[in-house]
Amino acid sequence: MKRQFILITTLLLCFFPLDGIFAAEQQEQRVAIIIDDFGGDVGGVDSFFSSNIPITVAVMPFLEQSKQQATKAHELGFEVMVHLPLEPKKGKKSWLGPNPITSDLSVEEVKERVHLAIDSVPFAVGLNNHMGSKIVEDEEIVKAILEVAKERNLYVIDSGTSNKSFIPKVADELGIPWAVRDIFLDDTHSSRGHVTTQMKKLANIARHKGTAIGIGHVGIKGEETVKGIQNGLGYLTDHNIIIVPMSHLLDSKIEKNPAEFWHPRNKEVQS
């Protein structure tokens, strides 16, 4: 009986080796953490820049520090995106900042503003939407935005402000690398405890799907967001989950060597 057991076990290991059985559990999962609303003198900016959290920096265009912060992020090794302001269904116009994409613009005006927005955020390789629940439901305007994104070789992330967004459909039609946000890590009233809880949810999505995208913000609660993310890093490490640039989760041609992503240049600039 013992010899039969050994024989059966040997045969099973031949066909189902242990490294295959445990591969899914041991495989490194990946998340991208996009931090929106860079570009102004607000809470969390300096803390994110000085922390060793490999975020993807989404910069609002046309603000007083848009160019400066995009350049600094690039020098520190962070991936940079344009955080393009789009008209929402509800909210104050002042929340959009200068030169937003609004529904009263012509297609030509939309394209011109998108080009100018990209020009105002040096080193940007991607684009996501700031607000925009109204605009993302307008297929014509979305197409105008994404045609410029394609022309400028940017990937596109749908921030998920409307479940009727045309971004995925149009991006597919134009052949643009794209993805949709999985979870917001914070909100305007978030505590660091809330952000840490959201980090755990982000990790659990990655454990289920293999990858996940979280979005947080600098601003009024920016320092709480930094600390909450820092507090959640251990949970990611415990579950073999790494943070990568947003482009690493997409079918894009952007350089994909995480070793060169952020820490080497980070040390050089800060020394």
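Is Asn-128 buried or exposed? In this predicted model, Asn-128 is buried, with a relative accessible area of 0%. That makes a convenient starting point for a tour of the chain, beginning with the overall figures and then returning to this residue and its surroundings.

The protein chain folds into 11 helices and nine strands. Of its 271 residues, 47% count as buried. The accessible surface comes to about 13800 Å², and carbon and sulfur atoms supply 54% of that area. Contacts across long stretches of sequence are well represented: among pairs at least 6 residues apart, 75% join residues at least 24 apart.

Asn-128 itself sits in strand 4, which spans residues 124–131. Setting aside residues up to four places away in sequence, Asn-128 touches Ile-34, Asp-36, Ala-58, Met-81, Val-82, His-83, Leu-84, Ile-157, Ser-159 and Ile-215. One of these partners, Ala-58, lies 70 residues away along the chain, yet the two C-alpha atoms are separated by 7.6 Å.

Strand 4 also takes part in covering helix 8. The buried residues of helix 8 are Ile-167, Pro-168, Val-170, Ala-171 and Leu-174, and their cover includes, besides strand 4, helix 7, strand 5 (155–158) and strand 6 (178–180). Helix 7 (residues 139–151) packs on helix 8 (residues 167–174) at an angle of about 45 degrees, and the axes are 9 Å apart. The two helices are therefore oblique to each other, and their crossing is right-handed. Helix 7 brings Glu-139, Val-142, Lys-143, Leu-146, Glu-147 and Lys-150 to the contact, while helix 8 brings Ile-167, Lys-169, Val-170, Ala-171, Glu-173 and Leu-174. By class, this contact has six nonpolar and six charged residues, with no polar ones. Beyond the end of helix 8 comes Gly-175, with a positive phi near 70 degrees.

A second helix pair can be described in the same terms. Helix 9 (residues 192–209) and helix 10 (residues 222–238) have axes that come within 7 Å and cross at roughly 40 degrees. Helix 9 and helix 10 are therefore oblique to each other, and helix 9 passes helix 10 in a right-handed crossing. From helix 9, the contact draws on Arg-192, Val-195, Thr-196, Met-199, Lys-200, Ala-203, Asn-204 and Arg-207. From helix 10, the participants are Glu-224, Thr-225, Lys-227, Gly-228, Ile-229, Asn-231, Gly-232, Leu-233, Tyr-235 and Leu-236. The residues of this contact divide into seven nonpolar, six polar and five charged. As general background, an α-helix has 3.6 residues a turn, so residues three or four places apart point the same way.

Backbone torsions add two further points of interest. Most residues other than glycine have a negative phi. Phe-62, however, has a positive phi near 70 degrees. Phe-62 belongs to the loop between strand 2 (56–59) and helix 5 (66–75), where it is partly exposed, with a relative accessible area of 23%. Asn-240 likewise is not a glycine and has a positive phi, of about 60 degrees. Asn-240 is found in the loop that runs between helix 10 and strand 9 (241–243). Asn-240 is partly exposed, with a relative accessible area of 31%.

Methods: Residues are numbered from 1 along each chain as its sequence is written. This is a predicted model: local features need pLDDT of at least 70, side-chain atom pairs count only at pLDDT 80 or more; totals for chains, interfaces and linings use all residues. Side-chain values use heavy atoms; hydrogens and water are left out. Axes are lines fitted to C-alpha atoms, for helices over the stretch in contact, and angles run from 0 to 180 degrees between N-to-C directions. Helices (H or I, at least four residues) and strands (E, at least two) are DSSP runs, numbered from the N terminus. Angles under 35 degrees count as roughly parallel, over 145 as roughly antiparallel, 65 to 115 as roughly perpendicular and the rest as oblique. A crossing is left-handed if the near helix is turned anticlockwise from the far one by less than a right angle, and right-handed if clockwise. Contact means heavy atoms within 4.5 Å. Ala, Val, Leu, Ile, Met, Phe, Trp, Tyr, Cys and Pro count as nonpolar, Asp, Glu, Lys and Arg as charged, and the others, Gly among them, as polar. Buried means under 20% relative accessible area, exposed over 50%, partly exposed in between (1.4 Å probe, protein chains only). Accessible areas come from the Shrake-Rupley method with a 1.4 Å probe; for residues, only the protein chains shown count as cover.
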